[in-house]
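This report walks through selected features of one protein model, moving from strands and helices to charged and aromatic side chains. Please keep the sequence and the coordinates at hand while reading.

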Amino acid sequence: MASALENFVNSVVYIIRSSNYSNFPIGAFEDLATHLLDSTEILSKNWNILDNVLETLDVQQHSLGVLYVLLAKFNSLQNSNADVEVLLKSVKDFIQQCNTYQVRLAAHAFYELCHQYTNVMVGQPRCILGLTTLSAAIDKIRTSETQLTPIHADLCQLSLKSKCFRVAMKYLDVDITTISTGAETRGQSQTDMTNHDAKYFLLYYYYGGMIYTAMKNYERALYFFEVCIATPAMAMSYIMLEAYKKFILVSLILHGKIQPIPKYASQVISRFMKPIAQVYHNLAVAYATTSSEEVRNCISKYSETFVRDNNMGLAKQVATSLYKKNIQRLTKTFLTLSLTDVASRVQLPSADVAEKYIFNMIKSGEIYAKIDQRDGMVVFKDDPEKYNSNKMFLNIQEDMENVMSLVKQINKMEEDIVLNPIYIKKAVGNADDDLASQNAKSFAGDPID
């Protein structure tokens with residue numbers, strides 16, 4: 001074994017042996033995590049004997065060492081003839097057995113290992129097997145259920161690839177209150193880590209919006225896309241641009257118009273995104289005419305763009321949603337209407353198609369009506385909900401509890417911000433600047449005796 005690798009193994013093993021003594025320094029593990037940052041190049045150069053290093057180290061006791069060895073094996077994967085299946089299994093076993101305290105000291109390296117694992121797993125025919133591994137990695141590294149980590153984006157990406165959303169939904173349905181960026185890793189550039197983790201923050205909300213869209217939970221999808229595009233930014237991100245396109249389509253499906261962007265969003269949207277996404281705005285203009293023919297013509301005209309952006313399916317759902325909204329408009333005007341008249345007024349091809357639309361809308365609670373198949377008539381009804389049932393009372397009570405819980409979270413976050421030393425320093429500094437400015441103006445305005 002090369003001398004450099006011997007030093008690597010000895011430095012890892014020595015810390016564990018020394019930890020059994022009472023005079024063991026408290027910050028030794030932190031120092032080891034910082035020291036191992038410089039070992040990546042050494043490990044990558046000796047990729048052909050990394051398996052020997054893994055045999056020397058114990059996953060539970062030497063988690064920091066094993067973490068960097070596995071990361072080096074991924075980095076040298078193209079140059080080596082390593083068995084990918086064996087490597088993926090090694091990562092799975094490591095995530096399940098590793099020491100939580102140790103890997104949190106090298107959080108950014110742990111995140112990078114999960115990113116590399118995801119990149120390889122996405123190309124595997126049974127990529128669905130990686131969902132439980134990434135789920136275990138999130139549970140291992142996060143400090144609370146409401147904390148967002150860069151691994152969340154990997155889990156969502158693998159969920160989309162495998163078309164299995166059940167595992168990801170457990171994390172997507174949780175409202176995020178804190179973000180882990182790997183800043184606890186010492187010895188790395190804070191700016192580089194922030195830029196790197198911003199990518200996975202955007203990807204989490206972009207992929208999450210796609211998952212909710214696939215599940216037809218458009219309200220939640222719209223929220224995720226909105227967070228993605230409203231994230232403060234000095235330059236346009238390709239992820240934000242793609243989220244903006246889907247934001248427009250989902251807005252049309254859910255509300256029939258483009259929802260306003262939050263005022264705190266970056267000016268990048270109006271300057272760059274809107275001109276680039278002009279095709280989608282043209283679709284919104286066609287949608288506003290309430291003419292299904294106009295919408296179909298617009299989709300046909302820009303079909304190449306929608307296909308290139310992988311948004312043709314969503315564009316077709318926009319056309320479908322217009323049929324439904326036009327049917328809903330009929331319920332406000334007519335009490336009874338024949339299926340043939342419905343098909344004619346909403347520009348559907350036949351009465352049978354109109355009947356299918358109405359039936360599905362009745363089933364989903366979008367309208368209240370009754371179909372008389374014998375006469376081919378539709379009787380539109382009012383909403384039967386009188387808001388006086390026990391079920392409605394429980395729903396209102398549950399909503400009130402959720403609101404109160406949200407208020408407590410906001411108050412807690414506000415308290416943390418106010419007591420944050422960085423915030424206090426900036427606030428006091430701004431106050432001193434304002435006071436100095438006022439004194440200067442007062443001094444300049446005093447008359448000369």
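The sections below take up these features in turn.

## Basis of the report

The structure is a predicted model, and the residue numbers run from 1 along the chain as its sequence is written.

## Strand 5 and its partners

Strand 5, which covers residues 377–380, is paired with strand 3 (residues 336–338) in the antiparallel sense, and three bridges are found between these two strands. Within that pairing, L337 has V378 of strand 5 as its bridge partner. Strand 5 also runs antiparallel to strand 4 (residues 369–372), to which it is joined by four bridges, and here K370 stands opposite V379 of strand 5. Strand 4 and strand 5 make up a hairpin in which four residues lie between the strands, and G376 in the turn has a positive phi of about 70°.

In a regular strand the side chains alternate between the two faces of the sheet. Strand 5 shows this alternation: V378 and F380 point to one face and are buried, whereas M377 and V379 point to the other face and are not buried. Read together with the pairing, this means that V378, the bridge partner of L337, belongs to the buried face, while V379, which stands opposite K370, belongs to the face that is not buried.

## Helix 13

Helix 13 spans residues 218–230, and at 1.5 Å a residue its 13 residues should span 18 Å, which agrees with the 18 Å that separates its end C-alpha atoms. Ten of these 13 residues are buried, so the helix is largely enclosed by the rest of the structure. The buried residues are Y218, R220, A221, L222, F224, F225, V227, C228, I229 and A230.

## Salt bridges

Side chains of opposite charge can pair when their charged atoms come close. Across the whole structure, nine salt bridges are found. One of them joins D309 to K245, with 3.3 Å between the closest N and O atoms. D309 lies in the loop between helix 18 (303–308) and helix 19 (312–331), whereas K245 is in helix 14 (residues 238–255), so this pair ties together parts that are 64 residues apart in sequence. Both partners fall under the 20% cut-off for buried residues: D309 has a relative accessible area of 7%, and K245 is at 5% relative accessibility.

D309 also forms a salt bridge with R308, for which the closest N and O atoms are 3.5 Å apart. In contrast to the buried D309, R308 is exposed, with a relative accessible area of 59%. The network of salt bridges that links these residues comprises E242, K245, R308 and D309.

A further salt bridge brings together the side chains of E366 and K324, at 3.7 Å from N to O. E366 lies in the loop between helix 21 (351–364) and strand 4, and K324 lies in helix 19, so the pair ties together parts that are 42 residues apart in sequence. Here E366 is partly exposed, with a relative accessible area of 32%, and K324 likewise counts as partly exposed, at 24% relative accessibility.

## The surroundings of S292

S292 is found in helix 17, which covers residues 292–301, and it is buried, with a relative accessible area of 2%. A polar atom of the S292 side chain lies 3.4 Å from the backbone oxygen of V346. When neighbours within four places in sequence are left aside, S292 is in contact with L322, Y323, N326, V346 and Q347, so that V346 appears both among these contacts and as the residue whose backbone oxygen faces the polar side-chain atom of S292 at 3.4 Å.

## Aromatic pairs

The count of aromatic pairs comes to ten. In one of them, the rings of Y204 and Y205 have their centres 4.9 Å apart and their planes at 80°, so the pair is edge-to-face. Both Y204 and Y205 are buried. Y223 and F224 form another edge-to-face pair, with 5.8 Å from centre to centre and 80° between the planes.

The residues of this second pair differ in burial, because Y223 counts as partly exposed at 38% relative accessibility, whereas F224 is buried, with a relative accessible area of 1%. F224 is also listed among the buried residues of helix 13. One aromatic cluster is formed by F201, Y204, Y205, Y212, Y223 and F224.

Conventions:
Heavy atoms only, no water. Buried < 20%, exposed > 50% of the residue type's maximum accessible area, 1.4 Å probe, protein only. Pairing = 2+ DSSP bridges. Salt bridge = Lys/Arg side-chain N within 4 Å of Asp/Glu carboxyl O. Expected span 1.5 Å × (residues − 1). Polar contact = N/O pair within 3.5 Å; in protein donor to acceptor, adjacent residues only side chain to side chain. Contact = heavy atoms within 4.5 Å. Phe/Tyr/Trp six-rings, centres within 6.5 Å; stacked < 30°, edge-to-face > 60°.
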